[in-house]
Amino acid sequence: MKKTFLLLLVLFMAFVLVGCGKADIVVGGKDFTEQDILVQILSELIEAKTDLKVERKAYLGGSTVVANALDSGSLDIYVEYTGTALISILDEKVMNDPEAVYDLVKKRYIEEKDIIWLKPLGFNNTFAITMKESKAKEIGIKSLSDLVEFSDSLSFASTQEFLEREDGYNNLQEVYGIKFKDVRGMDPGLCYVAVRDDKVDVNVSFATDGRIPAFNLVVLEDDKDFFPPYYAAPLIKKDTLNKYPELEQVLNLLAGRLDDKTMADLNAKVDIEKQNSKNVAVEWLREEGLIE
């Protein structure tokens, strides 16, 4: 009898300890550095300003994977980009007015998905087509229209996702008439290394990536406005916000605080200086006076 009681006590304590360690909400992100940093920023801020425990799930995959995770309830929060939501998730036509894009995706998400767009963080991480500055000057390329004449003699490195997106490679070819001699699908980080090391001539980049200046790359002007605005904002499930209404005020403390340069600098600290993404997030939050 005594052994049975002790066994039950041990099981009960184990259950309590497991329960105590369980997260209240899950914050996720896509499979690149910027998203990892944003996962850490959101999570650290939530834990500093509330009593909630956060589970972090960075590097989950591409846009579709993470969007589906939020839809299914596997995630409660992640940061999305307005242009990605507009084109890749909602299958809308390209729009170039940032406020109009934000208003549209916000309206459709709440009506169709019970997902709420909080206030934008402040930066526009649009896709960018980049190449070495020295090579661009040598050939005389400043814009994507300039690239057309030379593209059949140049190679291109792209993420696999960009090759498949509506706002990606196929439609870019159609709008500009670009036809590269060779196209290679790569991990996001390898695209930058490939063009830096002259393995390829041109690559797809994220506009706020710190490797663009660090690797002496130049962004080719999107002179036909192919890419829509990609302003970043936290998304949260309506059920989660109903359960924890304090999250709206807490996460909106980030509104407008991250401009393009700031986000690029944070990305560079991780990608170039090899700092830990959590440490970078915490340092920035402290500098902003958002956590102690």
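**Exercise 1.** Which residues lie nearest the centre of the largest pocket, and how many residues line it?

*Solution.* The model is a predicted one. Step one is to count the lining: 23 residues border the largest pocket. Step two is to locate its centre, to which Gly62, Ser63, Glu161, Phe162 and Arg165 lie nearest. Step three assigns the lining to elements: helix 3 (63-72), helix 4 and helix 8 (160-164) are the ones that give two or more residues. Helix 8 contributes the most, with four residues. Step four adds the volume, as the pocket holds about 400 Å³ of space. Finally, sorting the lining by class yields nine nonpolar, nine polar and five charged residues.

**Exercise 2.** Describe the second largest pocket by volume, centre and lining.

*Solution.* Begin with the volume, which is about 200 Å³. Next, consider the 16 lining residues; Thr126, Phe127, Asp222, Phe227 and Pro228 are the closest to the centre of this second largest pocket. Among the elements, strand 5 (residues 127-132) gives the most to the lining, namely three residues. By class, the lining of the second largest pocket comprises 11 nonpolar, three polar and two charged residues.

**Exercise 3.** Determine why helix 4 is described as largely enclosed by the rest of the structure.

*Solution.* First, apply the cut-off: a residue is buried when its relative accessible area is under 20%. Second, list the residues of helix 4 that are buried: Thr82, Gly83, Thr84, Ala85, Leu86 and Ile87. Third, compare this list with the length of the helix; six of its eight residues are buried, and helix 4 is therefore largely enclosed by the rest of the structure. Fourth, identify the cover over these buried residues, which includes helix 3, strand 3 (77-81), helix 5 (98-113) and strand 4 (115-117). To complete the description, examine what comes after the helix: Asp91 follows helix 4 and has a positive phi, near 60°.

**Exercise 4.** Is Thr82 buried or exposed, and which residues does Thr82 touch beyond four places away in sequence?

*Solution.* Start with the position of Thr82, which belongs to helix 4 (residues 82-89). The relative accessible area of Thr82 is 2%. Because the limit for burial is under 20%, Thr82 counts as buried. Then collect the contacts, leaving out residues up to four places away in sequence: Thr82 touches Val101, Tyr102, Val105, Trp117, Pro229, Tyr230 and Tyr231.

Key: Residues numbered from 1 in each chain as written. Predicted model: local features only at pLDDT ≥ 70, side-chain atom pairs only at ≥ 80, totals over all residues. Heavy atoms only, no water. Buried < 20%, exposed > 50% of the residue type's maximum accessible area, 1.4 Å probe, protein only. Contact = heavy atoms within 4.5 Å. 1 Å grid on protein atoms, 1.4 Å probe; cavity = no way out; pocket = protein on both sides within 12 Å on 5 of 7 lines; lining within 4 Å. Points joined across faces, edges and corners; volume = space filled by probe spheres on them. Nonpolar A, V, L, I, M, F, W, Y, C, P; charged D, E, K, R; others polar.
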